[in-house]
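Please examine the sequence and the three-dimensional structure shown below before reading on.

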Amino acid sequence: MKRLAAAATTALMVAFASGDGHAAGGTLAPAQKWSFGGVFGTFDRGDLQRGLQVYRSVCSNCHSLKLIAFRNLEGLGLSPEEVQAIAGEYEVTDGPDDEGEMYSRAARAADRFPSPFANDQAARASNGGALPPDLSLITKGRAGESVFKGTKFREYGADYVYALMTGYEEEPPEGVTLMDGMHYNHYFPGHQIAMAPPLFDEAVEYTDGTEATLQQHAHDIATFLAWAADPNAEERKRIGIKAILFVTILSVMLYAVKKKIWSDLH
Ligand code: HEC
């Protein structure tokens, strides 16, 4: 019991200590406004489709998105034809054929996004020894930091991606020496990151005419990655709301019935 109390006190102290925004080695990301936040939030289709564009033109050069199949993109509001057209721009390895050989073919809707590198070693070799992580679940993987901060857990992963994209500083603060090939990022744990700033104003020309600022790019890719980590979130929320409505109505009806039955017995 004593140990439990001690652990709780430590936890509280950590919580207060990080109240100024400094967690161990990194800095907690400020909360942003997300279309998908809260119980009734739904993903903004414009954000999602622009985010896909950012992933496809920038991030996919280094990061895989292994858990997302092209057909999942219908969830972004794309038609099956549009999805087919996107898939057709990629090549995947299939096989073996009748001779036992693997071969490559154009991707189909059912295929997943192919990875930019053949394996982790090749990925590291191209990135100065650092491994660009798969981005399918990154917003979930980085959500844990929020627990003490009271930031909404589910949205923190997106806050973090946004902060990481916009948190580069050209010069490290006084007294900090950057290691070779590293870049200073305010929000990356330890601050030294092997990824060069991937986004900047006009990094991607949006097909829908939205102004292409760094902040807009960061917002869109963070929304897209939050969706990728949880493509069924909207469906689940819809079912949840229906279930609650059902239980509420059922309770009212049962109460009315109970009243009616018991009224004769008094
Ligand atoms: C030129 C290659 C390259 C590109 C392009 C690139 N990244 Fe990275 N990224 C990396 C590498 C390498 C790391 C690992 C960094 C490290 O461990 O120091 C990384 C790490 C990350 C991380 C993990 C940070 C953490 O907390 O561990 C995220 C998130 C990320 N990148 C997002 C993106 C997004 C979003 C894009 C597109 C806008 C992008 N990256 C484009 C190479 C790249």
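This report treats the overall build, the salt bridges and the surface patches in turn.

**Overall build**

The model described here is predicted. The protein has 266 residues, of which 34% count as buried. Its secondary structure consists of eight helices and seven strands. Among contacts with a separation of 6 or more, 61% are between residues 24 or more positions apart. The accessible surface comes to about 16,400 Å², and carbon and sulfur atoms account for 58% of that surface.

**Salt bridges**

The count of salt bridges in the protein is nine. The table lists three of the pairs.

| Pair | Closest N to O | Location |
|---|---|---|
| D47 and R50 | 2.8 Å | both in helix 2 (residues 45–57) |
| D220 and R50 | 2.9 Å | D220 in helix 7, R50 in helix 2 |
| R238 and E235 | 2.9 Å | both in helix 8 |

The residue R50 takes part in a salt bridge with D47 and in another with D220. The pair of D220 and R50 links distant parts of the chain, since 170 residues separate the two. By contrast, D47 and R50 are three residues apart, about one turn of the helix.

Are the members of these pairs buried or exposed? Both D47 and R50 are buried. R50 has a relative accessibility of 9%, so it falls under the 20% limit for a buried residue. D220 has a relative accessible area of 0% and is therefore buried as well.

The salt bridge in helix 8 also joins residues three positions apart, about one turn of the helix. R238 counts as partly exposed because its relative accessibility is 46%, between the limits of 20% and 50%. E235, at 41%, is partly exposed for the corresponding reason. Elsewhere, salt bridges that share partners join D47, R50, D208 and D220 into one network.

**Surface patches**

Which residues form the negative surface patch? The patch is made of D201, E202, E205 and E211. One of them, E205, is found in the loop between strand 7 (192–193) and helix 7 (214–229). Its relative accessibility is 71%, which is over 50%, so E205 counts as exposed.

A nonpolar patch is formed on the surface by V39, F40, I241, L245, I249 and M253. Together these residues have about 630 Å² of accessible area. Among them, I249 lies in helix 8 (residues 233–263). I249 counts as partly exposed because its relative accessibility is 48%, which is not over 50%.

Methods:
Residues numbered from 1 in each chain as written. Predicted model: local features only at pLDDT ≥ 70, side-chain atom pairs only at ≥ 80, totals over all residues. Heavy atoms only, no water. Patch = residues over 30% accessible without salt bridge, like charges linked within 9 Å, V, L, I, M, F, W, Y side chains within 5 Å. Areas by Shrake-Rupley, 256 points an atom, 1.4 Å probe, with all protein chains shown as cover. Salt bridge = Lys/Arg side-chain N within 4 Å of Asp/Glu carboxyl O. Lys, Arg positive; Asp, Glu negative; His and termini not counted. Charge placed at Lys NZ, Arg CZ, Asp CG, Glu CD. Helix = DSSP H or I, 4+ residues; strand = E, 2+ residues; numbered from the N terminus. Buried < 20%, exposed > 50% of the residue type's maximum accessible area, 1.4 Å probe, protein only. Contact = heavy atoms within 4.5 Å.
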